[in-house]
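Ready for some practice in reading a protein model? Take your time with the sequence and the structure, and then work through the exercises.

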Amino acid sequence: MSFENELEKGQFYLPECISCKKWVWPPSEFCDRCNGKTSLKKEEFEGKIIEFSKQNDNYFCIVEFYDSIRIIANMTTCPKKDQIVKILKCGINDGGYFFHII
Amino acid sequence: MSEVGIIAYGASPFTKEDHKIESMLHKSTNDLFKKNPDINKNEIDAVLVSTNNNSKYLSPVLSEMAGIKPKIAHSIESLCNSGTNSIVSAFSYISSGLADMVLVTGAERYDSPGQILEWDNSRGEFKHPIFWASIFSKSYKREYGISDEQLAIVSVKNHKQAKENPNALSKKTYTVEDVMNSKKLTDDLRLLNCSRPCTGSASILLASKEVAEKYTDMPIWITGIGQKTTSAGFTKNTSLTSMESTAIAGQSALKMSNRNISEIDVAEVHDAFSVCEPMILESLGFTNPGEGVNMAQKLHEENNFMVNPRGGLIGSGHPLGATGISQTIEIVQQLQKTAENRQTNNPKTGLVHNMSAAATSSTVLVLEK
Ligand SMILES: [Zn+2]
């Protein structure tokens, strides 16, 4: 999947449906609304912190993009609810995704 | 639709012991037949196995070990609510006429692969259930001004109730201070706020009305079933302070049974973590949003075992594939008035709530005498 190819290179590009323009998440080749093909939007996305908690020195936050896509991301500084953040670092480790925000 | 009743059950203790999944499945099944020697195994049309274990062909394996030659034999997996999903399948086989008697056995080992949903990459590095539980706890506390001490009461209550359940993993009672001082897992979750994975099994036998009445004068009828799956991934939950799948499944089950939530006398609900119990009580409509903790506290103070009499998942332990079946057995015992020290006051209608993966899927059953 091209999302994972980009993620592996440290790029966070979100898939959008070519036909109906829906943001598709989790990343997929096909749109879950109209079944059309998706393509990656290559831009820098801003997300909003919906909720967070903390383990040891790391915060883990639910971050929302475009009012629909949500991920859990790592943050080292103290987050605030509704704070606008960007992906600082992301990738795939042992088959699983990771996201760090700032 | 033909009526479906629960006519027998069997169980194993929930422990941290290392046993093969096949032995565990056989343990509760054997207990069921030992307790009910009149059951004719030749009449069992289907054997359904509920587990997240990766071993294959477990229903034919169990059938052979238990001396059953069923027409229908297969496994059912849906993470933590595999158990009630299996009961719903058994109900469907019987009510469709494909089967008259169905054995449902659930089992799990302490090291179950069902604890982590590897597919859910939206959770990033935070795939362990303690992370969704922490997020739910933080959000719930924020929304309703609830303290960690208040949430701890759920755990105190359920460990206390589990002490009266001879099969429960927990053998101890705890105070709010004990919960607050237990190992800190995250800023919003302590070890004693959590249910623990364990090794255990549970079996029930379901039958059509005609067959049920031949074997027992105390069948317990499944009068309501509701199920809803809203997603697989945790981050698709639109609310972090209530459970949409639980609310919808609860409404469907009550509608099917023609009952109102106020008519439910006793309930087993899926308290995977302390915060889950108030969220579930509210989502099912037992109480208003934000008041689930007060309800749990009041029940605890009055020593009323109405919610999670067997100790819930927190007190009993959580062998994933066996949990929903064990919950159902507890409600059967409550309605048959054989729950001994856990017995609630003359219950007529009971409810089982079993869910998976941060409430992305819920099953609710209504049981009646
Ligand atoms: Zn589309």
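The exercises below look at a strand, at two domains and at an interface in this predicted model.

**Exercise 1. Find out which way the side chains of strand E1 of chain A point, and whether they are buried or exposed.**

Step 1. Go to residues 14-17 of chain A, which make up strand E1.

Step 2. Follow the side chains: Leu14(A) and Glu16(A) point one way, while Pro15(A) and Cys17(A) point the other way. This fits a general pattern: in a regular strand, side chains alternate between the two faces of the sheet.

Step 3. Check the exposure. Each of these residues is buried, because its relative accessible area is under 20%.

Step 4. Look for the neighbouring strand. E1(A) pairs with strand E2 of chain A, residues 38-41, in the antiparallel sense, and four bridges join them. In E2(A), Leu40(A) is the bridge partner of Pro15(A).

**Exercise 2. Describe how domain 1 and domain 2 of chain A meet.**

Step 1. Mark the bounds: domain 1 covers 1-43 and domain 2 covers 45-102 of chain A. Their C-alpha centres lie 19 Å apart. The contact takes 14 residues from domain 1 of chain A and 13 residues from domain 2 of chain A.

Step 2. Turn to the area. The two domains of chain A bury about 1,300 Å² between them, with 78% of it on carbon and sulfur atoms.

Step 3. Ask which part of domain 1 gives the most to the side that touches domain 2 of chain A. The solution is helix H1 of chain A, residues 2-8, with four residues.

Step 4. Count the polar links. Between the two domains of chain A there are zero salt bridges, but two residue pairs are in polar contact.

**Exercise 3. Work out what chain B brings to its interface with chain A.**

Step 1. Start with the contacts: 25 residues of chain B touch 22 residues of chain A. The area buried between the chains is about 2,000 Å², and carbon and sulfur atoms give 57% of it.

Step 2. Pick out the main contributors. Asn121(B), Phe126(B) and Ile135(B) supply 25% of the area that chain B buries against chain A, more than any other three residues.

Step 3. Search for charged partners. There is one salt bridge across the interface: the side chains of Glu51(A) and Arg142(B) meet at 2.5 Å, N to O. This counts as a salt bridge because the limit is 4 Å.

Step 4. Add the polar contacts, which number 12 residue pairs between chain B and chain A. Helix H4 of chain B (129-144) and strand E5 of chain B (184-186) each supply at least two residues of the side that touches chain A. The largest share, seven residues, comes from H4(B).

Note on methods
Residues numbered from 1 in each chain as written. Chains lettered and ligands numbered in written order. Predicted model: local features only at pLDDT ≥ 70, side-chain atom pairs only at ≥ 80, totals over all residues. Heavy atoms only, no water. Buried < 20%, exposed > 50% of the residue type's maximum accessible area, 1.4 Å probe, protein only. Pairing = 2+ DSSP bridges. Domains from an automatic or database assignment. Contact = heavy atoms within 4.5 Å. Buried area = accessible area lost by both parts, 1.4 Å probe. Polar contact = N/O pair within 3.5 Å; in protein donor to acceptor, adjacent residues only side chain to side chain.
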